[in-house]
Amino acid sequence: MTENRVAVVVLNWNGEKYLRRFLPSVTENLPDYARLFVADNGSTDNSLSFLSDKYPEVSVISLGSNSGYAGGYNKALRTIEADYYVLLNSDVEVTRHWIEPVIEYMDIQALVAAAQPKILSFSEKQKFEYAGASGGFIDILGFPFCRGRIFDNIESDHGQYDNSMEILWATGACMFVRAAAFWEAEGFDERFFAHMEEIDLCLRLQRIGYSIAAVPSSKVY
């Protein structure tokens, strides 16, 4: 793989405390072909000075104002050239080799436009995380649920959802997405601002012929 084939993009808004706590795991677990970006949504705390002082090697995209998750990512990703985007929340701790299994899977499965790893709880590491768990679905009444989480019932991880499989939606907390497919689907719908925008994107990707996957051999907290 060529350098910068994968762009890991962390969207930040007044999240200096999260950058201090979680960015080290990201910088320490980047393969050679990935580059890290922080897209700043007009922070008024010390996020930008912290990044400049402590992480001068990280590419910072200053967006100037808060456009939410959907708008912030749309604006930031327009400035980045990569085959794959990895959209990563600022409060996620990643693990060793968290990128490689998903990229390898998507390289083989050419119609998979977006994918997610297994999402576990940072505070209770044996349990799934509410935001995504091991892959998202929607029930007949329109309620989103996940392998490992239905409403507020969150399961412990015993390897019961470790198989890679097609899902209905991948969580925006840690979403791998093909850049070309993202723009073919016209990116996020900015009317959502924040929350549910990733489900909408995944549904639109499927309408134009792509599929969505969970790859639990990669895990984050």
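**Cavity, pockets and a surface patch**

The residues that line the largest cavity of this predicted model divide into eight nonpolar and two polar, with no charged residue among them. The lining consists of Val10, Tyr18, Leu19, Phe22, Leu23, Val26, Leu88, Asn89, Ser90 and Val92, and the greatest contribution to this lining, five residues, is made by helix H1, which spans residues 16–27. The volume of the largest cavity is about 30 Å³, and the count of cavities of 30 Å³ or more comes to one.

Among the open spaces, the largest pocket holds about 820 Å³. Of the 31 residues that line the largest pocket, those closest to its centre are Tyr69, Asn89, Ala194, His195 and Glu197. Two or more lining residues are given by each of strand E1 (6–12), helix H3 (68–77) and helix H6 (197–207), and the largest share, three residues, is that of H6. When sorted by class, the lining of the largest pocket comprises 16 nonpolar, 11 polar and four charged residues, whereas the lining of the largest cavity has no charged residue.

Helix H6 may be described further. Its buried residues are Glu197, Glu198, Ile199, Asp200, Leu201, Cys202 and Leu205, and Glu197 is also one of the residues closest to the centre of the largest pocket. The helix is followed by Gly209, for which phi is positive, near 110 degrees.

The second largest pocket has a volume of about 180 Å³. Its lining is made up of Asn89, Asp91, Val92, Ile119, Leu120, Ser121, Phe122, Ser123, Glu129, Ala131, Ala173 and Tyr221, which by class amount to seven nonpolar, three polar and two charged residues. Asn89 thus appears in the lining of the second largest pocket, in that of the largest cavity, and among the residues closest to the centre of the largest pocket. Val92, for its part, lines both the second largest pocket and the largest cavity.

On the surface, a nonpolar patch is formed by Ile140, Leu141, Phe143, Ile150 and Phe151, which together have about 600 Å² of accessible area. Of these patch residues, Ile150 is placed in strand E8, residues 149–150. Ile150 counts as partly exposed because its relative accessibility is 43%, a value that lies between the limits of 20% for buried and 50% for exposed residues.

Definitions and conventions: Residues numbered from 1 in each chain as written. Predicted model: local features only at pLDDT ≥ 70, side-chain atom pairs only at ≥ 80, totals over all residues. Heavy atoms only, no water. 1 Å grid on protein atoms, 1.4 Å probe; cavity = no way out; pocket = protein on both sides within 12 Å on 5 of 7 lines; lining within 4 Å. Points joined across faces, edges and corners; volume = space filled by probe spheres on them. Helix = DSSP H or I, 4+ residues; strand = E, 2+ residues; numbered from the N terminus. Nonpolar A, V, L, I, M, F, W, Y, C, P; charged D, E, K, R; others polar. Buried < 20%, exposed > 50% of the residue type's maximum accessible area, 1.4 Å probe, protein only. Patch = residues over 30% accessible without salt bridge, like charges linked within 9 Å, V, L, I, M, F, W, Y side chains within 5 Å. Areas by Shrake-Rupley, 256 points an atom, 1.4 Å probe, with all protein chains shown as cover. Salt bridge = Lys/Arg side-chain N within 4 Å of Asp/Glu carboxyl O.
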